Amino acid sequence: MGRLSFLLQTLGLLLLCYVVAANKEPFANAKYKDPKEPLEVRIKNLMSHMTLEEKIGQMVQVERANATTEVIKNYFIGSVFSGGGSVPMPNASPEAWVNMVNEIQKTALSTRLGIPMIYGIDAVHGHNNAYNATIFPHNIGLGVTRDPGLVKRIGEATALEVRATGIQYVFAPCIAVCRDPRWGRCYESYSEDHKIVQQMTEIIPGLQGDLPTGQNGVPFVAGKTKVAACAKHFVGDGGTLRGMNANNTIINTDGLLGIHMAAYYDAVNKGVATVMVSYSSLNGLKMHANKNLITGFLKNKLNFKGIVISDYLGVDQITTPLHANYSHSIYAAITAGLDMIMGSSNLTELINDLTSQVKSKLIPMSRIDDAVERILRVKFTMGLFEDPMADHSLANHLGSKEHREVAREAVRKSLVLLKNGKKEDKPLLPLPKKAKKILVAGTHADNLGYQCGGWTITWQGLNTNNLTIGTTILAAVKNTVDSTTQVVYNQNPETKFVKSGEFDYAIVVVGETPYAEGYGDSTNLTIAEPGPSSIENVCASVKCVVVVVSGRPVVMQPYISNIDALVAAWLPGTEGQGVADVVFGDYGFTGKLARTWFKTVDQLPMNVGDPHYDPLYPFGFGLITKPN
């Protein structure tokens, strides 16, 4: 009896060890773990092992602050994101970012099937949440360059800087066609002309890598130095009534397809991994509930095979007030074709509600499977299953000299010279570097935060010089002029000061203060005080060049006659040296307006080709200078 008991105990122990080992890595030999298996085989195999709860978890993206170990483990969360300004700590190093992302990833990998999570962030003009990142000009300036090759290089640099912090997914590019500059997101749009926006989709292969030949339209991300991109906001976000953010776009099918949809063809053809849906409505129907366009057009007609993601709380916003009839909103969004939901005002409610709607067959299981298949396709394609953890080897790419040089080039090419001399035969620009004494004035001359605009370090941007590392326009002027030239800076000088100063010339830098999204919606489009008085006080007494730092054309007509030279600098980012490069003639002005510059706001909306077209400076305008 003793020996039998011993044998039984030994067998029991062996069996227990086997069960523990099997539970620890029960799917080690599953086909989805084998990179040699074809992509679709891996997807189907993994899905065959997944419970409904695990599938729904993949469809949810939670904000970093809510991505606790419990939440990820209990709900099998498939994705995490940083909202604007959401960082591991102020001025976080690449190492701190990588450690945070890896902690979250470890938790995701410890769940039953070990499905890696994907981490997303807004990197809309460089890696704009990260301290010391290269901040490129906002899209409105890049459209001016008409240079898709440059924009592709910006995509490549941005991908490296984002990966330097361990993040694999960016909510960019914005391919909105802004038709009314009163919109607070107009600076996120490359142009009022869809053809320029289409050219600029070249940023997608910059971010993701070039599509292999013959792979058109399939989501593609080429490994650990590249990121998944996101074409946004589908569709018509730039055409809302009076430019009101997230409002209603009233347009016929020809206008929708010809203007707002055009760049989505290019984005899908270039293998964009994800598409984000717009907060706005189309002819009264919320885009987050628009099945005809999300499923019928994007998925079925354009044959998009990647992830359709909501905007932040976009499902909650289907109703007014927010979250008013959440179960209806979940039903409307998921049946419309959304695959991933970004943020929720009540995570438990979202997951429970979605689960019960599937169990009661309100939402068909085939719709859930479609969503999960798309999410897994992107994760497998990116190599996340083989190489889920970030490392510190790319840290030196964040804010690197090479990337700052690309940004400086972008600044040079994005500047538009609108006026040069009160008489055509007497140009003021380029300015001489050697002068006795020059004046630099204006609120925007020495303010890195103003120069970068919204979506920089924080969501709404900042009014400060120490938000990140960069060169202000004042510093750039001082770097550029001859060592014998005296540079006097006075933010808002009195007329008396200017008259008595014996200045050879003055540079006045004025514009808009930072904003993002609806906070930037404006009915008057004026430059910030005391900008107008700075122009008046300075330009009445000395030869002056006015540099406008703004996210869109602003009211300039009242000041034009007093100004000797006028430069549109848009929102140039951290590399202010690019402004001085051109103003002082090391390079020539080459930029041409990619937006119409209106005379008065009551002309708006007014786009090139409109019957009432009567601009201050027309679309495509820009004076050219030769380098010295």
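Is D581 buried or exposed? In this predicted model, D581 is buried, its relative accessible area being 2%. That makes a good place to start our walk, since the side chain of D581 meets that of R408 in a salt bridge, with N and O 2.7 Å apart. Follow the chain and you will see that this pair links distant parts of it: R408 belongs to helix 16 (residues 401-414) and D581 to helix 21 (residues 577-583), with the two positions 173 residues apart. R408 itself is partly exposed, at a relative accessible area of 23%. The cut-off for buried is under 20%, so R408 at 23% counts as partly exposed, while D581 at 2% counts as buried.

Let us move on to another salt bridge, the one between D339 and K299. Here the closest N and O atoms are 2.8 Å apart. This pair, too, links distant parts of the chain, 40 residues apart: D339 sits in the loop between helix 13 (326-336) and strand 11 (341-342), and K299 lies in helix 12 (residues 291-301). D339 is buried, with a relative accessible area of 0%, and K299 also counts as buried, at 5% relative accessibility.

For a local pairing, turn to helix 5 (residues 94-109), which holds both K106 and E103. Their side chains meet in a salt bridge, with 3.1 Å from N to O. Because K106 and E103 are three residues apart in helix 5, about one helical turn separates them. K106 is partly exposed, with a relative accessible area of 46%, and E103 is partly exposed as well, at 48%. In total, the structure holds 34 salt bridges, so there are plenty to look at beyond the ones visited here.

Finally, come back to helix 16, the home of R408, and look at how it packs against helix 7 (residues 148-164). The axes of these helices come within 10 Å and cross at roughly 145°. The crossing of helix 7 past helix 16 is left-handed. On the helix 7 side, the contact is made by L150, R153, I154, A157, L160 and E161, and helix 16 contributes H403, V406, E409, A410 and K413. Sorted by class, this contact has six nonpolar, one polar and four charged residues.

Terms used
Residues numbered from 1 in each chain as written. Predicted model: local features only at pLDDT ≥ 70, side-chain atom pairs only at ≥ 80, totals over all residues. Heavy atoms only, no water. Salt bridge = Lys/Arg side-chain N within 4 Å of Asp/Glu carboxyl O. Helix = DSSP H or I, 4+ residues; strand = E, 2+ residues; numbered from the N terminus. Buried < 20%, exposed > 50% of the residue type's maximum accessible area, 1.4 Å probe, protein only. Axes fitted to C-alpha atoms, helices over the stretch in contact; angles between N-to-C directions. Left-handed = near helix turned anticlockwise from the far one by under 90°. Contact = heavy atoms within 4.5 Å. Nonpolar A, V, L, I, M, F, W, Y, C, P; charged D, E, K, R; others polar.
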